[in-house]
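Student: Got a minute? I'd like to go through the pockets and the ligand site on this one.

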Amino acid sequence: MNASSAHARTTAAGSPAWLRGAVGYEVYVKSFSDTSGDGIGDIAGVTSRLDYVKWLGIDVVWLTPFFVSPGLDHGYDIASYCEIDPQHGDLDAVDALIARAHQLGIRVVFDLVANHTSVAHRWFETALADPLSPERDYYLFRDPSPDGGPPNNWLSHFGGPAWTLDESSGQYWCHLFLPEQPDLNWRNPAVRAEFDAILRFWFERGVDGFRVDVAHALTKHPQLPDNPQIREIAPDAGPMSAFASFDHVHDLDQDSNAEIFERWHDIAASYGACLIAESGVSDPARLARYVAPGKLDLAFALKPARMTWQPAELLTEMLALAEAEPDRLSWVTSNHDQDRVVSRFGDGPQGRQRALAVSTLMFSLGGVPFLYQGEELGLSNGQVDPDDRQDPIATRNGIATGRDLARTPMPWNPDINNGFSIGQPWLRSAQRPQGLTVAGQHENPRTPLHRYRRLISLRRHYPELWQAPHSIVSSGRDDVAVVQRGRTLTVANLSPEPFAINLGDRRWRVVFASQGADGDAARGVVNIAAETSAVLVLDE
Ligand code: GLC
């Protein structure tokens, strides 16, 4: 691919042309591939695996943060946005990664953590040291409430109040995540200007876009009022459940976020780059304020990455979103923040089969589906001893569950540490069996790896799957979805029994089945097996 000429082209909707129909892959850098032997994944490791990513058929790779960071939230607490954390490499390594990816025709998306910095960022250090400094207003410092407690009732996603006292000034700072992740004041033009420069720095180096971390949280209500509480918080509630006990009308999803997206769009578009929101917003009307021409290009549809096996709810959610935003969603069943899809869907062969059935539908819904590293192997959660937990949600709240199980090292082969590193991995976990490694599946066409690779290739072979206008055909059941696009028909039978579909007199070919054989010709009434999706193409 000639990256620079592709850069000049954007679609009518203002998004880069290369993004349409693409398939993405999330790399959790810390756990992907370690070349230095310190047990921590690095940039050179990602570069060394790009041939595999290419072989899989991936168009866009999103890398989780690898910038200078104390690492309290594993890189999502950034101390310097344009410097590489030495444990992951250096700028030369990043340049080499981008160059190799572009050589292979792969686009590279980084993670923009703009809601908060680390307390170790120079801006915050200055803000604390000198309350009269301009940097003080980069953050949300406020006086205590009249009773001396936090300024309002906001909670942190990660447990406890969203406020920490700065004892020397007597003011609190706001943090929707860890106390060590102070929220930025996005109403301050200086903050906006700082991030314009950060975006330009990376776009100048050839980065093709950003995933925008917690995009829905950037601006807060100017007066920071209390959020209405919508239910009691049980004494044993975990942090996420406590957080969900409030209606987040004042800290999340403010209309003013759109101003920032528009500003970033203009910068990104001038480089032919893309912006993808982690938005936490699933109401279609609200989502439209994030993704639209002139704003962000895509938003992750995150609910399917959180749900357990509830086919009707899953399909209702997905089809409503697809109707509202046919081209602007990034479909995911998994990411680094949630249990792996196979585990949520019942584990073992059944969980695997269900996961692929849902992904098959996602690949027919337009937008840009993203796989999470290891999803293509049908991995279930890793096994981590409670004493080895690393996720602050778990360690700081004394709870067993956390995000570590989705973050265990990528299993490349059956060697020591599954070929991830010759050193002790930063996150200790049980070795994966050979059958769940890349090497163990590579030579066997019947493995998940080959099924996912084939699914990915369908988009290239049958561009109608993402290009042609879609229509949702009534199946008469809420756990079965039928989507027609041009000459393609995708039947997602998530029900526990076979689903009979009448294809009429014309001849179709099953070009992909999430289980069973592909390639069969079909006409008349055809049975799609339970918990199976099939993609058919008119064969005449
Ligand atoms: C996003 C990231 C998550 C991180 C949080 C705070 O949700 O995906 O890993 O902890 O933001 O930055």
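Student: Which element gives the largest share of the lining of the largest pocket?

Tutor: That is α7, with three residues. Keep in mind that this is a predicted model.

Student: Where is α7, and which other element supplies at least two residues?

Tutor: α7 runs over 239–243. The other one is β11, at 298–301.

Student: How much space lies in that largest pocket?

Tutor: About 1500 Å³. The lining has 46 residues. Closest to the centre are His-157, Met-240, Phe-243, Arg-306 and Gln-338.

Student: How does the lining split by class?

Tutor: There are 18 nonpolar residues in the lining of the largest pocket. Polar and charged residues come to 14 each.

Student: OK, switching to the ligand. Which residues surround it?

Tutor: Several carry acidic or basic names you'll recognise: Asp-73, Asp-213, Glu-278, Asp-337, Arg-211, Arg-403 and Arg-407 are among them. His-116 and His-336 are also around the ligand. So are Tyr-76, Phe-158 and Phe-177.

Student: What does His-116 do with the ligand, in distance terms?

Tutor: An N or O atom in the His-116 side chain is 2.9 Å from a ligand oxygen.

Student: And how far is Asp-337 from a ligand oxygen?

Tutor: A polar side-chain atom of Asp-337 sits 2.5 Å from an oxygen atom of the ligand. For Arg-403, a polar side-chain atom lies 2.9 Å from a ligand oxygen.

Student: Is the ligand mostly buried or exposed?

Tutor: Buried. Taken alone, the ligand exposes 310 Å², and the protein buries 96% of that.

Student: Now the second largest pocket. How much space lies there?

Tutor: About 390 Å³. Its lining has 18 residues. Nearest the centre are Arg-446, Pro-448, Arg-451, Ser-514 and Gln-515.

Student: Which helices feed that lining?

Tutor: α12 (348–362) and α15 (448–461) each supply at least two residues. The largest share is from α12, with four residues.

Student: And the classes there?

Tutor: The lining of the second largest pocket has seven nonpolar, eight polar and three charged residues.

Student: Why does the second largest pocket lie between domain 1 and domain 3?

Tutor: Because both domains give residues to its lining. Domain 1 covers 3–118 + 188–457, and domain 3 covers 469–538.

Definitions and conventions. Residues numbered from 1 in each chain as written. Predicted model: local features only at pLDDT ≥ 70, side-chain atom pairs only at ≥ 80, totals over all residues. Heavy atoms only, no water. 1 Å grid on protein atoms, 1.4 Å probe; cavity = no way out; pocket = protein on both sides within 12 Å on 5 of 7 lines; lining within 4 Å. Points joined across faces, edges and corners; volume = space filled by probe spheres on them. Nonpolar A, V, L, I, M, F, W, Y, C, P; charged D, E, K, R; others polar. Domains from an automatic or database assignment. Near = heavy atom within 4 Å. Polar contact = N/O pair within 3.5 Å; in protein donor to acceptor, adjacent residues only side chain to side chain. Areas by Shrake-Rupley, 256 points an atom, 1.4 Å probe, with all protein chains shown as cover.
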